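Hi,

Here is the structure I promised to pass on. Please have a look at it first, and then read my notes on the aromatic rings below.

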Amino acid sequence: MRPTGIEALRAIQTALTEVIGPELQTAFAQDTQQTLQMLLESVIAEMDSAASDLLEDNGTLSSLLEDFRAAVSANANNRELSGAIEEIDESLARPDPGSFAISELAARNEELRAALEKAVRALEGVGDDPGYESLAPVRMAMYRHLRDVAGRGWSFWDAASFREYMMKHRSERTG
Amino acid sequence: MQTAIADYLKSKLPGSPDVAVANLRRIPGGASRETWSVDAEWEEDGQSVSRGFIFRRDPDASVLETERDIEFQVMEVARKHGVPVPRMYWLEQGGEWLERPFFVMERIDGCEASPTIVLMDPRFYPVREKIGEQFVEVLARIHSIDADDPELAFLGPVPTLESCAATEIDRWDEILARDALEPQPVLRGALSWMRRNLPPPAQRVVLVHADYRTGNYLCTPEGEIMAMLDWEMAHLGDPLEDVGWACIRPWRWMGNELIGGLMERAEFYRMYTEATGVNVNEQAVRFWEVLGNLKLAVIFVTGGRSFCDGRTHSAMMAFLSRNFARLELEIMDLMEV
């Protein structure tokens with residue numbers, strides 16, 4: 001098989017380290033080279049699983065939004081909550097892209113995340129006020145998803161400030 | 001650029017001497033302003049004078065749009081109050097010398113700022129405790145500058161004790177609303193959460209550095225903090241805002257829980273209260289840590305906006321704006337969700 005996209009990016013990284021890096025004279029140029037390495041690393045980390053992650057996320061988001069709509073129907077008199085429902089209905093009514101193109105999956109993901117943003121804000125608006133207890137599990141499920149997304153891939157923080165934190169986070173995720 | 005700098009220095013130095021300029025180099029970091037170092041040499045009263053200068057020039061686009069005159073003036077006031085900062089020389093608001101506005105300050109040699117060196121170079125191990133003590137002492141010195149000091153009038157109206165937190169929420173909410181390129185459920189949720197979980201009123205209103213952390217001080221291998229840098233976000237507010245910012249995980253660097261990579265949290269709180277008389281309310285610090293992580297994420301969002309709008313082609317802006325997911329994790333931890 002010819003080199004994959006990831007292998008091609010690795011070749012660029014190797015060239016930056018072994019060929020271009022040693023030729024760089026200034027601290028600023030060397031620093032920029034390191035930034036490029038990290039930028040490539042972050043792209044590589046999400047490249048292979050990008051389509052499947054988006055596909056899975058879009059399913060999870062739709063399901064979370066459905067759960068939110070069902071839970072909110074009991075609190076229809078709250079304006080912010082019912083306002084969020086309108087946007088959610090619009091998002092859910094739009095068809096899935098029916099394509100595995102990352103651009104289309106990402107566009108759908110953005111629509112669903114916009115609706116989720118609205119829902120999260122509405123939920124934070126009522127907080128743990130009496131009468132809204134039934135919304136707590138929905139809120140926690142939304143954050144669970146957001147935590148899964150935020151903990152993915154590679155980040156430059158993982159080797160420094162978030163080192164022990166990410167070790168713990170990953171061990172909790174893998175059980 | 002070296003020639004332009006030589007011409008500029010010639011116009012500014014007493015007696016308009018001939019100025020020889022050498023070793024112009026851009027210093028890495030400082031994503032909100034370009035930092036250039038230069039060696040200058042000239043004759044003054046028959047004596048040869050050598051001095052290093054730092055030029056802080058506005059970038060083509062930034063992770064955060066800030067006013068260079070605010071930074072310049074705040075540093076001058078801080079210096080008068082005994083806070084270690086470089087001597088400030090000149091402020092140029094136009095682009096006639098270096099194409100963009102800039103200011104010039106003293107270069108302090110023999111120091112390190114990089115957290116990698118200050119925290120991980122064995123030369124600094126024996127003085128880490130001393131750096132920690134100084135880290136607190138300098139912060140206390142900054143917080144001794146009262147918001148009502150007439151010299152700080154350029155910072156605008158003084159917030160009330162009750163309004164400090166809400167003012168900062170509004171500030172970052174507004175920037176996020178302006179610069180977000182995509183939905184931000186965690187950041188928006190955190191903003192709503194903060195409005196419902198405001199800290200107790202500030203105990204006093206002071207000059208807040210707003211970027212007080214390891215990585216922003218110049219330190220000698222003997223453990224002396226010679227200067228506090230990067231004052232571009234300085235404002236009037238709750239001193240615990242700086243305490244919270246200093247505590248956030250991104251600035252712990254060592255991958256463990258040590259604050260600033262220097263000391264245990266309880267020790268930091270104890271020393272700070274001893275030095276300032278300000279009680280460290282843990283709930284308040286938690287609030288300010290949520291705000292701190294959010295603020296850093298929003299700064300990265302702004303960098304992404306500059307990149308996508310074509311105002312910069314900086315790889316750093318593209319990189320940072322793709323890399324704040326870990327901050328979201330930390331925010332959600334602090335919100336306990």
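Over all chains of this predicted model, the count of aromatic pairs comes to 22. One of them joins B:Tyr8 and B:Trp90 in an edge-to-face arrangement, with 6.1 Å from centre to centre and 85 degrees between the planes. B:Tyr8 belongs to helix H1 (residues 2-12) of chain B and B:Trp90 to strand S4 (residues 88-92) of chain B, so this contact ties together parts that lie 82 residues apart in sequence. As for exposure, B:Tyr8 has a relative accessible area of 0% and is buried. B:Trp90 has a value of 17%, and because the cut-off for buried is under 20%, B:Trp90 counts as buried too.

Another pair you may like is B:Phe135 with B:Phe268, which is tilted: the centres are 6.1 Å apart and the planes make an angle of 40 degrees. This one also links distant parts of the chain, with B:Phe135 in helix H4 (residues 128-143) of chain B and B:Phe268 in helix H8 (residues 265-276) of chain B, 133 residues apart. B:Phe135 and B:Phe268 are both buried.

Then there is a cluster held together by ring pairs, with members from both chain A and chain B. From chain A come A:Phe156, A:Trp157, A:Phe162 and A:Tyr165, and from chain B come B:Trp245, B:Trp251, B:Trp253 and B:Phe319.

Two arginines are worth a look here as well. B:Arg213 places its charged end over the ring of B:Trp251, 4.0 Å from the ring centre. B:Arg249 has its charged end over the ring of A:Phe162, at 6.0 Å from the centre.

Happy browsing, and best wishes!

How values were computed:
Residues are numbered from 1 along each chain as its sequence is written. Chains are lettered from A and ligands numbered from 1 in the order in which they are written. This is a predicted model: local features need pLDDT of at least 70, side-chain atom pairs count only at pLDDT 80 or more; totals for chains, interfaces and linings use all residues. Side-chain values use heavy atoms; hydrogens and water are left out. Rings of Phe, Tyr and Trp (its six-membered ring) pair if their centres lie within 6.5 Å; planes under 30 degrees apart count as stacked, over 60 as edge-to-face and the rest as tilted. Helices (H or I, at least four residues) and strands (E, at least two) are DSSP runs, numbered from the N terminus. Buried means under 20% relative accessible area, exposed over 50%, partly exposed in between (1.4 Å probe, protein chains only). A charge sits over a ring if NZ of Lys or CZ of Arg is within 6 Å of the ring centre and within 35 degrees of the ring normal.
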